[in-house]
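Me: I have a model open and would like to learn how to read it. Could we go through it one feature at a time?

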Amino acid sequence: MSEGNRATWRDAVAPPAIPRPGALGWLLVLLRGGGIVLVLALGVLLILPLRLAERLFSGSRRPVTGPWVQGVCRLFLWIMGLRWRCIGQPMRGPGAVVANHSSWLDIFVLNAAMPVFFVSKSEVAGWPGINILTRVTDTHFVARDPRLARAQAEEFAARTRAGHRLLFFPEGTSSDGRRVLPFKPTLFQGFLDPALPEGLAIQPMSAHYHAPKGRDPRFYGWWGDMDLGPHLLAVLAQPRQGFVIVRLMPEIPVVGETRKTLAAKAEAAVREGFAAS
């Protein structure tokens, strides 16, 4: 598998060996995997006419397909058997969301908690299978090219004005699910652009995964040199899943802040929510 389908953060302690499915595990992979593929396929097919209707009556806003994707993600978690709980209230005014990043499961867990549009590096757009989901869910791709910075800032501002909740991972990578990595202040410069709506705020969100009984506490984390395929199979094959707690922390108004103060406040809030879960 290519490096693009691997996690990058590395701890001093090596990741645990990914458990291989047994007979029961493979049966669960087939049952859960088949159900998930069916749900995602129907979700993708039905979102297309819904998106067309939105374009005709709501322009660039997503009053229907945002909650639609949220429902699909909740159904995904139900089929997988991963229990989840969301604490706190989603923001109502213009803004964006920042969260810690532990696993590929974050795509479904965080969207199940509130309708969001993920921000991802441009390389993800080429991942087989994943690229289809990112396109239909309006993922905001960011290229690490200074020449594109202005255009990307303008797109971010336009989407925020349209009411999209863009979700950023300020850690820049996924972890083992047992910690929150330091936030990178550079990311927060985009929240200070004068083209963004007045009253802009950032809502910190934390997700804390709890492994199934008897499994390594880092079971759901995806990091280091772990390949996506084997980790995906291991999670699907787990007979009794663990659970995850998502906390929506109070909003942080952007006015009067710098990128460093925003990063510090957001990181402190995410760490608080993570520790409380």
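**A side-chain pair and its surroundings**

Reply: Start with one pair: the side chains of R159 and H164 are joined by a polar contact of 3.0 Å. Keep in mind that this is a predicted model.

Me: In which element does R159 lie?

Reply: R159 belongs to helix α5, which spans residues 149-161.

Me: Is R159 buried or exposed?

Reply: The cut-off for buried is under 20% relative accessible area. R159 has 10% relative accessibility, so R159 counts as buried.

Me: Which residues does R159 touch, leaving out those up to four places away in sequence?

Reply: R159 touches F117, D138, T139, H140, H164 and L166. H164 is thus on the contact list and is also the partner in the polar contact.

Me: What about R218: where does it lie, and is it buried or exposed?

Reply: R218 sits in the loop between β6 (201-210) and α6 (228-237). Its relative accessibility is 15%, and therefore R218 counts as buried. Beyond its neighbours within four places in sequence, R218 is in contact with V13, A14, P15, P16, D176, R178 and W223.

Me: How do I read burial for a whole helix, say α3?

Reply: Count its buried residues. Helix α3 covers residues 106-113, and because seven of its eight residues are buried, the helix is largely enclosed by the rest of the structure. The buried ones are D106, F108, V109, L110, N111, A112 and A113.

Me: How much of the chain is buried?

Reply: Buried residues make up 50% of the 277 residues in the chain. The chain has seven helices and eight strands.

Me: Why look for groups of buried nonpolar residues?

Reply: In soluble globular proteins, nonpolar side chains tend to be buried together. Here the largest nonpolar core has 44 residues, and M80, L82, W104, L105, L110, L167 and M205 touch the most other members. The elements that each give two or more residues to this core are α1 (23-58), α2 (65-80), β2 (95-99), α3, β6, α6 and β7 (243-248). The largest share, seven residues, comes from α2. Another core, of 22 residues, lies apart from this one and includes L200, I202, L262 and A266.

Me: Which residues does M80 touch, not counting residues up to four places away in sequence?

Reply: M80 touches R32, I36, W104, L105, V235, L236 and Q241. Take L236 from that list: its place is in helix α6, and at 8% relative accessibility it counts as buried. The C-alpha atoms of L236 and M80 are separated by 6.6 Å, although the two residues are 156 residues apart along the chain. Besides M80, the contacts of L236 beyond four places in sequence are L28, V29, R32, G33 and I36.

Me: For the chain as a whole, what share of contacts joins residues at least 24 apart?

Reply: Among contacts between residues at least 6 apart in sequence, the share is 77%.

Me: How do I describe a pocket, for example the second largest?

Reply: Give its volume, then its lining. The second largest pocket holds about 260 Å³ of space. Its lining has 14 residues, with R62, P115, F117, G163 and R165 nearest the centre. The lining divides into eight nonpolar, three polar and three charged residues. F117 appears in this lining and also among the residues that R159 touches.

Notes: Residues numbered from 1 in each chain as written. Predicted model: local features only at pLDDT ≥ 70, side-chain atom pairs only at ≥ 80, totals over all residues. Heavy atoms only, no water. Helix = DSSP H or I, 4+ residues; strand = E, 2+ residues; numbered from the N terminus. Buried < 20%, exposed > 50% of the residue type's maximum accessible area, 1.4 Å probe, protein only. Polar contact = N/O pair within 3.5 Å; in protein donor to acceptor, adjacent residues only side chain to side chain. Contact = heavy atoms within 4.5 Å. 1 Å grid on protein atoms, 1.4 Å probe; cavity = no way out; pocket = protein on both sides within 12 Å on 5 of 7 lines; lining within 4 Å. Points joined across faces, edges and corners; volume = space filled by probe spheres on them. Nonpolar A, V, L, I, M, F, W, Y, C, P; charged D, E, K, R; others polar. Core = buried A, V, L, I, M, F, W, Y, C linked by side-chain atoms within 4.5 Å.
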